[in-house]
Every structure is written in C-alpha cells, then in structure tokens.
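Student: Before we discuss any label attached to this model, could we go through the reasoning behind each one?
Tutor: Let us take the labels in turn and set each value against its cut-off.

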Amino acid sequence: MDKVMINSRRDFLKQLALGSAALAAPGWGYSPAAAKATRLPNVVLIFTDDLGYADLGTYGARGYTTPNLDNMAREGVRFTDFYVAQPVCGASRAALLTGCYPNRIGIQGAPGPNSKIGIHEQEITLGELFKQKDYATAIFGKWHLGDSPQFLPTRHGFDQYYGIPYSTDMWPFHPESPENWADLPLIEGETTIATNPDLTNLTRDYTTRAVQFIEKNKENPFFLYLAHNLPHVPLFASDAFKGKSERGLYGDVIMEIDWSVGQILETLQRNGLDENTLVIFTSDNGPWLSYGEHSGIALPLREGKGTTWDGGCRVPCLMRWPGTLRPRVCTEPLMTIDLFPTLAGLIQAQLPAHPIDGQDVWPLLVGEVGAQNPHDAYYFYWNDTLEAVRQGEWKLHFPHPYRTMDGRPGGTKGKPAKYSQAKTDFALYHIGSDNREIEDVKAQHPEIMARLKALGEAFDQNLKANKRPAGQRT
C-alpha cells in the first residue's frame, strides 16, 4: 500500500478513517492492512513504582540487563526529560489519570488504608476517556486513589480491576511500623479476594491477566493500564528471576518487569496488533533512596522520591508504535499530565468541561519538524507548595526544605536508613548543561530567575483559586 505523508493528527485520523495513513517522516506510516483498517488504536500504559532514572539498560543500568525495554527504546521513542507531576505514589497517579496537577484535584501524598479521600466522582479518568469510544478497559496492579468502593477503578471507567489499592508496604510486615497497618487486600472488581497475599509472583500474576485481556479483546479497541507495584519496597521476585542479577534482589525485580514488558509486546505481535497499538512505559516517581540496596538509582540526577529535584520527578519513559512513532530520542521536556489530552486527541474523545493542566503533545511524539512544547512551563509541587518551575532548559527552585541521604548509601535488607533534612534558597539551574542541579547560576541570569519566579507565582495563585475537592468517603 502506498504511504501518504501526514503533517498533523487531523490528517492522520482522516487517513485512518479512509484505511490509509502515514506520519511525520518518510517511510513511517500507519498500517491499516495489519490493523484492520478503520479500527481505533489500542493503548497499553505500563506504569512502574519507584523506578530510578538509571534503572533501565537504555538509561545506563549496570549489573543486570533489560533486553525487552532496550529493544522497545530502539524501536520507538526514548524520552530523556520526562517528568511526573509530584514525586509520590498517589499524587503522581492522580496526575497521570486525569491530566491535572494533583493538588488541583485535592489528591496529595499516598492515600493509605481506609483513606477518607480519593478520586472525586466528577473527575474524568483515562478509563472514562476511552469508554467514550467504547474501548474495553482494564487495570491490573496498583490504584492508589482511594480504597473505598466509590473510589475504585470499576467506578471510574475500568471494566476490570485486579490488584492492590495502595503500596505493598502498607501492611503488618512493615519494617519500621508494622503496628500502624491493617491487612493488605488483594481486590478483584470491588471484592477483597485475599489479605496479605504472597507477593512472590505478583509481577507474573499481573502480566498473565494483562496477556489474557489483550487476547480476549484482540478484535476490539482496548486500553490496558498495567500498574506494577514493584520496584517499590518490599521487593519480591519469582523463582524464575530470584538470584539472576549481579545487583541483588533489586536487579532481579527489574529483570522480571522487563520480562513482563516482553510478554506484552510478544502478545501484541502474535495477535497481529503490533502496528495498531501504542505502548507507553514509565514510572510514578524516582527511587526511594533511603532503602539503599533495595532502591533504584537516579544518577546523574539529584536526589530521589519525595523531592522536586530531578531525581525525584524525572523518570524513564519509552513509547513504541511500529510504523507510527519513528525511532528516535526526544529531548524536549514532557510530563505525565500531557498523556490525557494527547490520547483524547488521538481517539477523538471529548475533553472534560472542567480545566485540566496537560497539553496535547502529539507533534512531539511523532517528531514533527519544528514541533515545540505548548506549555509555558512545568510546575513542581510538594503537596500544596510550589517548589520548582522548569521552562525549556532552565529550572528554578523556590526556597523549600527537602529530605536527603546526603551522599550516604541507604539501608540494607529491606530496612531504610534515616534521611537528613536540608533546605534550598532560590536556585537557578541550566538543566541542559547541568542535569545534576549543582551550579546555581541565578546571579549570572537575574532576568531568567525573575521571569520563572513570576511565572510560578502567577500559576500557583491561579491554581489555588480554581482548586477542586477530592472525593470524600461516604
């Protein structure tokens, strides 16, 4: 079939409807013959937990291999500057699923067992977005947006749910405070089917269900959200991977996640879905450094989870769609909030009537010539406090305290070390040449500092004036 050059997503969708399309670069185009012509594309979103920036081979990992993810990077787009909206589990997932900064919708931190708050019924999730177009939808894994029935995925656009509603360390075997936690539930639909389950095969269990979902829905459009609980502590690997890496248990866990990605990609290929499926792989925040040998690595970035330094907020991200996404490296800053409007545009779904913060970044995904990020800046909050602003290659930190290991190695055998407390004043970094955020150059560039400071203050004032409440448990 002849390839047709596409200059915009409108052209892409028009050609898709006609049964022929191509994108951005010569030789790259949508293949409707393989994907049954007019069918809308499938989307698989794989979201890991506490993965470090340097934890994949394609980002510099050592001591183990990640061949499936490395191959995904070679065949798709590898993003160097991909951010989460907040460096903590629940808030990060709220942003991913709604396209909003989490403090805009009242979701902060990591809601635990019997949380009084959760995702509000009036917020629109990715699941609900895809249901507009009659997609089959499922989540296998960690939810972390409230554990009461009214907050669960089945009330927010997902046909199927199987997983654990929050972090797996929120259970009676916590290494520091076991007395503070109730039994850990494993939920199917809205029913708890086990408590304190054996987590050894959790990655394998989620993967099996994800494969079954793809095969069941191979004739219809689907949205699969595979939200691994790992490599968040406590760490578990199945017998097939335990002891396989030179990096200890943490490396074993990453190798098994890589295996899981391979299973997903192989299932898509085997069922003739490869060229009609966008696969996205990323993480909710950076590594939990206090856990030391059970933590990932963010180097060369500064700090980790729980901070708005890049080690906490910048994460690996890979996207693959053979024939549509041209293999390359994208160095433009992007954020999880952008996935919601971008996917809405891709399937021609209607955006919510209420404000969202993400922007459609499709031209950057496909590598259109001259494509630019549509945001004025990205804003980094910790709870309700604005701590940093990034615009282009510049990042300004506002004065704020933060936790740090201060160069210490962290804990061993699944027990964390104690953080130290530090504080930064206003600090300006040129991320393009200083991704470690070491050299404060505000004295040399007062005009840039003033511009970013004004941007941040104006955005913060507007966001707080238009904040929406979280859902309240009934």
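Tutor: In this predicted model, the buried residues of helix 8 are Leu339, Phe340, Pro341, Thr342, Leu343, Ala344, Gly345, Leu346 and Ile347.

Student: Why is helix 8 called largely enclosed by the rest of the structure?

Tutor: Buried means under 20% relative accessible area, and nine of the nine residues of helix 8, which covers residues 339–347, are buried, so the helix is largely enclosed by the rest of the structure. Just after helix 8, Gln348 adopts a positive phi of about 60°.

Student: What makes His120 count as buried or exposed?

Tutor: His120 has a relative accessibility of 18%, and the cut-off for buried is under 20%, so His120 counts as buried. His120 lies in the loop between strand 3 (117–118) and helix 4 (126–131), where its side chain reaches the backbone nitrogen of Gln122 at 3.0 Å. Setting aside neighbours within four places in sequence, His120 is in contact with His156, Pro469, Ala470 and Gly471.

Student: How do you know how compact the protein is, given its ten helices and 19 strands?

Tutor: The radius of gyration is 21 Å, close to the 23 Å that the globule rule gives for 474 residues, so the protein is as compact as a globular protein of that length. Along its principal axes, the C-alpha trace spans about 60 × 55 × 50 Å, and buried residues make up 61% of the 474 residues. Of the contacts with a separation of 6 or more, 69% come from residues 24 or more positions apart.

Key:
Residues are numbered from 1 along each chain as its sequence is written. This is a predicted model: local features need pLDDT of at least 70, side-chain atom pairs count only at pLDDT 80 or more; totals for chains, interfaces and linings use all residues. Side-chain values use heavy atoms; hydrogens and water are left out. Buried means under 20% relative accessible area, exposed over 50%, partly exposed in between (1.4 Å probe, protein chains only). Helices (H or I, at least four residues) and strands (E, at least two) are DSSP runs, numbered from the N terminus. A polar contact is a pair of N or O atoms within 3.5 Å; within protein, one must be able to donate a hydrogen and the other to accept it, and residues adjacent in sequence count only if both atoms are side-chain atoms. Contact means heavy atoms within 4.5 Å. The radius of gyration is taken over C-alpha atoms; the globule rule is 2.2 Å times the number of residues to the power 0.38.
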